[in-house]
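I opened this entry to record what I looked up in one chain. The notes go from the fold to the helix packing and then to the pocket.

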Amino acid sequence: SFQGKGIGGYLLHLLFEEAKRYGLVKLYGTMLYSNTGIIELIKKVAPDNHHFTHTEGQMEVEIIL
């Protein structure tokens, strides 16, 4: 019932800001290829700053902060 309310985007934004505060310039993550929700969310919150790599049933993402 909380999907589509902006909570995930808000949490990712907080994660990005905290990572920058600690001096990080990139974040990396791994997700299932079938998890289209998180893939679309990353495209939305970091439209020009992400790169996906496809592997066997998984995707890896690099987000430049």
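**Fold.** I counted the secondary structure of the chain and found 2 helices and 3 strands. The model I am reading is a predicted one. Going along the sequence, I noted the pattern α-β-α-β-β. I then took the extent of the C-alpha atoms along the principal axes, and they fill a box of roughly 35 × 30 × 15 Å.

**Helix packing.** I next asked at what angle helix 1 and helix 2 pack. The angle is about 60 degrees, and the axes lie 10 Å apart. The two helices are therefore oblique to each other. I recorded the crossing of helix 1 past helix 2 as right-handed. On the side of helix 1, I listed Gly8, Gly9, Leu12 and Phe16 as making the contact, and on the side of helix 2, Leu41, Ile42 and Val45. By class, I entered this contact as 5 nonpolar residues, 2 polar and no charged.

**Largest pocket.** I then looked up which residues line the largest pocket. The lining consists of Phe2, Gln3, Gly4, Lys5, Gly6, Ile7, Gly8, Gly9, Leu41, Lys44 and Val45. I noted that helix 1 (7-21) and helix 2 (36-45) are the elements that give two or more residues to this lining. For the space in the largest pocket, I entered about 180 Å³. I divided its lining residues into 4 nonpolar, 5 polar and 2 charged.

**Cross-check.** I compared the two lists: Gly8, Gly9, Leu41 and Val45 line the largest pocket and also take part in the contact between helix 1 and helix 2.

Methods: Residues numbered from 1 in each chain as written. Predicted model: local features only at pLDDT ≥ 70, side-chain atom pairs only at ≥ 80, totals over all residues. Heavy atoms only, no water. 1 Å grid on protein atoms, 1.4 Å probe; cavity = no way out; pocket = protein on both sides within 12 Å on 5 of 7 lines; lining within 4 Å. Points joined across faces, edges and corners; volume = space filled by probe spheres on them. Helix = DSSP H or I, 4+ residues; strand = E, 2+ residues; numbered from the N terminus. Nonpolar A, V, L, I, M, F, W, Y, C, P; charged D, E, K, R; others polar. Axes fitted to C-alpha atoms, helices over the stretch in contact; angles between N-to-C directions. Parallel < 35°, antiparallel > 145°, perpendicular 65-115°, else oblique. Left-handed = near helix turned anticlockwise from the far one by under 90°. Contact = heavy atoms within 4.5 Å.
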